[in-house]
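Follow the helices first, then the cores, then two loop residues. Keep the structure open while reading.

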Amino acid sequence: MYIEQAYKGLSDSWRYILGIVVIVFVWQGLAAIPLVAALALKDGGLSAMMSGDIGAMSEVLGSNTFLFLMLLTFVIALIAIFLVVKFLHKQSLTALTTARTRIDWKRVSFSFILWALISLSFIFLDIYLAPENYEYNFKLVPFLVLAVIAITMIPLQTSMEEYFMRGYMIQGLGIMAKNRWFPLIFTSLLFGLLHIMNPEVEKLGYGILIFYIGTGLFLGIITLMDEGLELALGFHAANNLTAALLVTADWTAFSVDSLYRDISEPVLGWDMLVPVFVVFPILLYLFSKKYKWTNWKEKLTGKVLNEEEFLATQNENDVQG
């Protein structure tokens, strides 16, 4: 009963509407001040910012500085989410994260390691099969700086997206709609559309949104089936961290001093679509066997209990326990 964990705090609809407004304002407004200020102090910085050209902004500030300031906006937004949940909803971080009595860090670790290994396999297989598409890009000092920034901040960036999309919004929309399918579909579409400004979309076309929306749907499914965010937190952190450290390209959101640089002409290929249509279904099967998921239809499309029903169920469990 992950969505119903919202009832462990103040779950009025107006609180979620106000909370989303506050979080978005902090994320897209206040949190961006350090980045805007840094760009304003550099020649060409404001014009790069006004054009929305991520590559130009990265070039003006330097890739590692730009990455740090960009990730900082997510870190500040993550803090805003936790403050909104604590003070506006009077809900615990555990209840926002999982239906279990405590956050299961083993689940986070398992998902992280599994997807990191799969991502590494795909990346190095592609380098092996098409070495002409890659350029070895290792520079010790810039890479070490990148590693420190990435390892420290990317898990916070991905956690912000998960706590906002699969946590706060799925719980809020779920108790308002009183069903599970609407928050699952809505947050998956929103997750994909929020990436529409990424430079990858300009280079590869809108077809890449299939990957983003499909990823959002996958993360939403594992959240609802597993009754918590732990698997999604681990997966998302592994995905972005391996991407940042191993392969970069001039046309990606993470154009940094990675180990390799993709110098091929960007095309929407198998590497973007295979995960959605092949790998994610296999992962769902593996997770379902490991964590003994059942009752898929009810968990993904069924009704959400009202507060009275949820509290009655909790009291029943307490008595049985």
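A crossing of two helices is called left-handed if the near helix is turned anticlockwise from the far one by less than a right angle, and right-handed if clockwise. The model shown here is a predicted one.

Begin with helix α5, residues 63-88, and helix α8, residues 140-177. Their axes lie 8 Å apart and meet at an angle of about 35°. In the sense just given, α5 and α8 make a left-handed crossing. The residues in this contact comprise 23 nonpolar, three polar and one charged. Taken alone, α5 has 26 residues and spans 37 Å from its first C-alpha to its last, close to the 38 Å expected at 1.5 Å a residue.

A second helix pair can be read in the same way. Helix α7 (residues 105-129) packs with helix α12 (residues 230-246) at an angle of about 35°, and the two axes are 7 Å apart. Here the crossing is right-handed. On the α7 side the contact includes Arg107, Phe112, Trp115 and Phe124. On the α12 side it includes Glu230, Leu231, Phe235 and Leu246. Sorted by class, the contact of α7 with α12 has 13 nonpolar, five polar and two charged residues.

Now turn to the nonpolar cores. In soluble globular proteins, nonpolar side chains tend to be buried together. In this model the largest nonpolar core has 60 residues, and those with the most contacts inside it are Phe164, Phe218, Ile222 and Leu283. Leaving aside residues up to four places away in sequence, Ile222 touches Gly228, Leu231, Ala232, Leu284, Phe287 and Trp293. Another core, of 31 residues, lies apart from the largest one; among its members are Leu39, Ala48, Leu72 and Ile149.

Two loop residues remain. Most residues other than glycine have a negative phi. Which value of phi does Lys90 take? Phi of Lys90 is near 55°, a positive value in a residue other than glycine. Lys90 comes just after α5, in the loop between α5 and α6 (93-97). Its relative accessible area is 52%, and because exposed means over 50%, Lys90 counts as exposed.

Lys178 likewise is not a glycine and has a positive phi, of about 60°. This residue sits in the loop between α8 and α9 (181-193). Is Lys178 exposed or partly exposed? Its relative accessibility is 35%, so Lys178 counts as partly exposed, the class between under 20% and over 50%.

Technical notes. Residues numbered from 1 in each chain as written. Predicted model: local features only at pLDDT ≥ 70, side-chain atom pairs only at ≥ 80, totals over all residues. Heavy atoms only, no water. Axes fitted to C-alpha atoms, helices over the stretch in contact; angles between N-to-C directions. Helix = DSSP H or I, 4+ residues; strand = E, 2+ residues; numbered from the N terminus. Nonpolar A, V, L, I, M, F, W, Y, C, P; charged D, E, K, R; others polar. Core = buried A, V, L, I, M, F, W, Y, C linked by side-chain atoms within 4.5 Å. Buried < 20%, exposed > 50% of the residue type's maximum accessible area, 1.4 Å probe, protein only. Contact = heavy atoms within 4.5 Å. Expected span 1.5 Å × (residues − 1).
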